[in-house]
Amino acid sequence: MNYLYSHILKPVFFKLDPEFVHERVTKLGVFLGRWKLTRAIIRALFRYSHPALEQELSGLHFKNPVGLSAGFDYNIQLPLIIESVGFGFMSGGTVTFSSYEGNPKPRLARLPKSRSLLVNKGFKNLGLERVLEQVDFPEDKDFHLGISIGATNSPFVCDPEGQVEDILKSFHFLMGHPKGKRFSYYELNISCPNVAGSGVLADPEILNRLLQGIREIIGNRVLFVKFQAEIELGEARELVAIMVRHSVDAIIVANLVKKRDNPAFDREEMKLVNERGWKGNFSGKPVEKFSNDLISNIYREFGDQIKIIGVGGVFSAEDAYEKIKRGASLVQLITGMIFEGPQLIGSINKGLVKLLKADGYEHISEAVGVYHREEEDISKNQKVH
Ligand SMILES: Cc1cc2nc3c(=O)[nH]c(=O)nc-3n(C[C@H](O)[C@H](O)[C@H](O)COP(=O)(O)O)c2cc1C
């Protein structure tokens with residue numbers, strides 16, 4: 001499978017326009033997901049299960065810790081095939097109350113040397129009502145489908161009041177729709193850098209009001225918040241404390257990065273992006289350090305008060321394990337799968353079991369946050385002596 005993707009499919013895909021490839025792959029995924037037989041064949045080829053990877057989080061049983069991050073399946077057409085490929089969960093969307101045709105092209109570009117994608121979609125999606133009409137929920141109760149909700153991308157919805165109102169309207173709509181209530185979790189996206197009015201929801205007072213409103217609508221259903229990558233520690237701390245107050249179940253760390261002087265970029269590649277005047281923000285390896293540092297800081301500060309889902313630059317089992325040891329209970333990815341192929345999911349899960357065993361752990365929960373639990377033990381011992 002690895003050979004097929006890296007030597008045959010990827011060289012062809014990477015010669016074609018990335019958005020065109022994504023649309024074709026989505027169509028193929030919808031087709032393959034429609035039939036029991038194709039789903040069973042794909043499962044047999046790709047999926048890897050092991051009891052050491054199963055976890056219970058916010059009352060949900062996760063069969064493995066690897067999820068698909070928001071943005072790959074923005075109209076939520078692929079849950080059936082995503083489950084078959086071996087993911088444990090996925091965030092569909094980001095979906096907005098009203099539809100959006102997407103920012104002007106190019107909306108997607110590859111930076112192979114930087115192992116990154118330039119993303120400028122701006123919440124391209126069909127709008128909540130149409131997305132709900134067509135969504136199919138997988139039969140497997142242990143595969144968790146969540147929906148990421150953001151504010152409609154429009155110059156009329158870019159002030160804080162407008163964004164809060166638009167998001168609350170989406171949550172009302174979800175709770176009034178028979179399919180809207182079936183998602184395992186609801187993900188609030190406060191961190192998309194590609195939309196009108198980006199960043200306004202990351203204001204403590206606004207976030208507080210928004211979370212209060214959402215909790216009033218959804219009660220104690222499982223709620224995740226998707227966080228920005230490039231944020232000062234003090235600011236992050238204040239926002240996470242607000243999430244804890246509103247019993248947010250998990251924080252997803254983190255979204256795309258904006259800054260183009262990030263040392264993780266290949267300089268020649270970034271020069272070309274700038275010369276071509278491409279707008280947008282970046283996924284993959286340039287997100288990794290921001291994500292990893294935030295995971296550590298949030299875990300150190302908040303421990304078990306809020307779960308962490310680590311995302312950004314996961315291309316291997318080692319990358320996923322690093323996030324877990326820093327404090328993430330689950331991980332998500334997109335770019336790794338685009339660069340390495342769909343067999344990556346099974347190979348991360350298999351690799352995680354090996355890495356856990358090599359470190360003497362019987363279960364993933366023993367490794368979560370171990371770096372910082374060790375720090376705590378050292379400082380306690382120092383105090384005793
Ligand atoms: C093509 C693309 C579209 C994305 N769209 C969204 C989105 O709509 N909502 C969101 O929360 N994150 C979005 N993201 C960010 C990803 O969910 C993820 O946080 C980021 O890409 C880092 O993970 P990765 O390095 O595994 O790709 C998008 C990423 C990509 C590559």
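The exercises below deal with a ligand shell, a helix and one proline in a predicted model.

Residues are numbered from 1 along each chain as its sequence is written. Because the model is predicted, local features need pLDDT of at least 70 and side-chain atom pairs count only at pLDDT 80 or more, while totals for chains, interfaces and linings use all residues.

**Exercise 1.** Find how many residues surround the ligand, and how they divide by type.

Solution. Take a residue as near the ligand if its C-beta atom, placed from the backbone, lies within 6 Å of it. The count is 27 residues, and the closest are S69, G71, T94, S283 and T335. Strand 6 (116-119) and helix 12 (335-340) each give two or more residues to this shell; helices (H or I, at least four residues) and strands (E, at least two) are DSSP runs, numbered from the N terminus. By type, the shell holds 13 nonpolar residues (Ala, Val, Leu, Ile, Met, Phe, Trp, Tyr, Cys and Pro), 12 polar (the others, Gly among them) and two charged (Asp, Glu, Lys and Arg).

**Exercise 2.** State how many residues of helix 11 are buried, and what follows the helix.

Solution. A residue is buried if 20 or more other C-beta atoms, placed from the backbone, lie within 10 Å of its own, exposed if 12 or fewer, and partly exposed in between. In helix 11 (residues 317-326), nine of the 10 residues are buried, including D319, E322 and R326. After the helix comes G327, with a positive phi near 135°.

**Exercise 3.** Decide why P18 is classed as partly exposed.

Solution. P18 lies in helix 2 (residues 18-34). P18 is partly exposed because 18 other C-beta atoms lie within 10 Å.
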